[in-house]
Amino acid sequence: MIRAIEEADLPIVVQWWNKAEVMYYADDNPHPSKSLEELREEHHKERTEWSEHTERFVIETVEGKLIGDILYHSYRTDIRSAVMGILIGEEEYWGAGYGTEAIRLFLKHLFEHKRIHKVSLTVSDFNHRAIRCFKKAGFRQDGIMRDNAMIDGKYANHIIMSMLEDEYFLMHRR
Ligand SMILES: CC(C)(COP(=O)(O)OP(=O)(O)OC[C@H]1O[C@@H](n2cnc3c(N)ncnc32)[C@H](O)[C@@H]1OP(=O)(O)O)[C@@H](O)C(=O)NCCC(=O)NCCS
C-alpha cells in the first residue's frame, strides 16, 4: 500500500538515499548523499511551500514494513502535468511486484482524484527492471536524452516515458 509520508519515516528514508547500490539506479545519479537534517528540511518544504507541486508517499508491505517511496513533483495546474519518481530502498524487495502495485495505486490517485492529464518520468536506459515495471504500468516511451548522466565514469542515456489520461482510462475502464 502507499500512504502519505510522515516525519517519523525519515530516519528509514535517509538510509535509502545513502545506499550506493540503490542510488545507482536513481535517474539523477550521481546522487549527492543526504543527512537526516537535510531530508527533514525537504520534508517540511514539501508540506508547505512546495505542497501545490509535490506529494510524496511511502510504500509499505502488508506487514507494515516501509520499503520505498513514490512521489510526483513539478505539478503544473495549467496543463495538468507532473513528473514522478519511485524508489524501493530495500533491495531484497526488488522484482517482487511491490513497484507495480505502488505505481497502480499512485496512478489511481493522480488520474482519478487529482484529474491529471499527463505524468512523465526519466529512467536510465540500463535500468531494465524499472523500464519493464513502467511499461507494465502502461507508460510509453517519449524519447531518449543521449549521454544525459555520468554513472561510474560512463555516460548513460535517459529514456523519457509518460502516460496520458486517455491511456490510463483505457487501461482502467470504470
Ligand atoms: C524500479 C523499481 C521501482 C521497480 O519495482 P519492483 O518492485 O522491483 O518491480 P516489479 O517487481 O513490480 O516489476 C519488475 C519487472 O521487471 C522484471 N525484471 C526484474 N529484473 C529485470 C531485469 N534485470 N531485466 C528485465 N526485467 C527485469 C520483473 O520480472 C518484473 O516483470 P514481470 O512482472 O513481467 O515479471 C524498483 O526495482 C526500484 O526501486 N529499483 C531501484 C531504484 C530505481 O530503479 N528507481 C527507478 C528510477 S527511474
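Here is a short chat about the ligand and an aromatic pair in this predicted model.

Modeller: Residues are numbered from 1 along each chain as its sequence is written. In this predicted model local features need pLDDT of at least 70, side-chain atom pairs count only at pLDDT 80 or more, totals for chains, interfaces and linings use all residues, and side-chain values use heavy atoms, with hydrogens and water left out.

Biologist: Which residues surround the ligand most closely?

Modeller: The closest are Ile-88, Gly-95, Thr-100, Arg-132 and Lys-136, out of 20 residues around it. A residue is near if one of its heavy atoms lies within 4 Å.

Biologist: What makes the pair of Gly-99 and the ligand a polar contact?

Modeller: A polar contact is a pair of N or O atoms within 3.5 Å. A ligand oxygen is 2.7 Å from a polar backbone atom of Gly-99, so that pair fits the definition. Another ligand oxygen contact, at 3.4 Å, goes to a polar backbone atom of Tyr-98.

Biologist: Which element gives the most to the shell?

Modeller: Helix 5, with 6 residues; helices here are DSSP runs (H or I, at least four residues).

Biologist: Why are Phe-57 and Phe-106 called edge-to-face?

Modeller: Rings of Phe, Tyr and Trp (its six-membered ring) pair if their centres lie within 6.5 Å, and planes under 30 degrees apart count as stacked, over 60 as edge-to-face and the rest as tilted. These two have 6.1 Å centre to centre and 80° between the planes, so they qualify. Phe-57 is in strand 2 (residues 55–60) and Phe-106 in helix 4, so the pair ties together parts 49 residues apart in sequence. Strands are DSSP runs too (E, at least two).

Biologist: How many aromatic pairs are there?

Modeller: The whole structure has 11.

Terms used: Polar contact = N/O pair within 3.5 Å; in protein donor to acceptor, adjacent residues only side chain to side chain.
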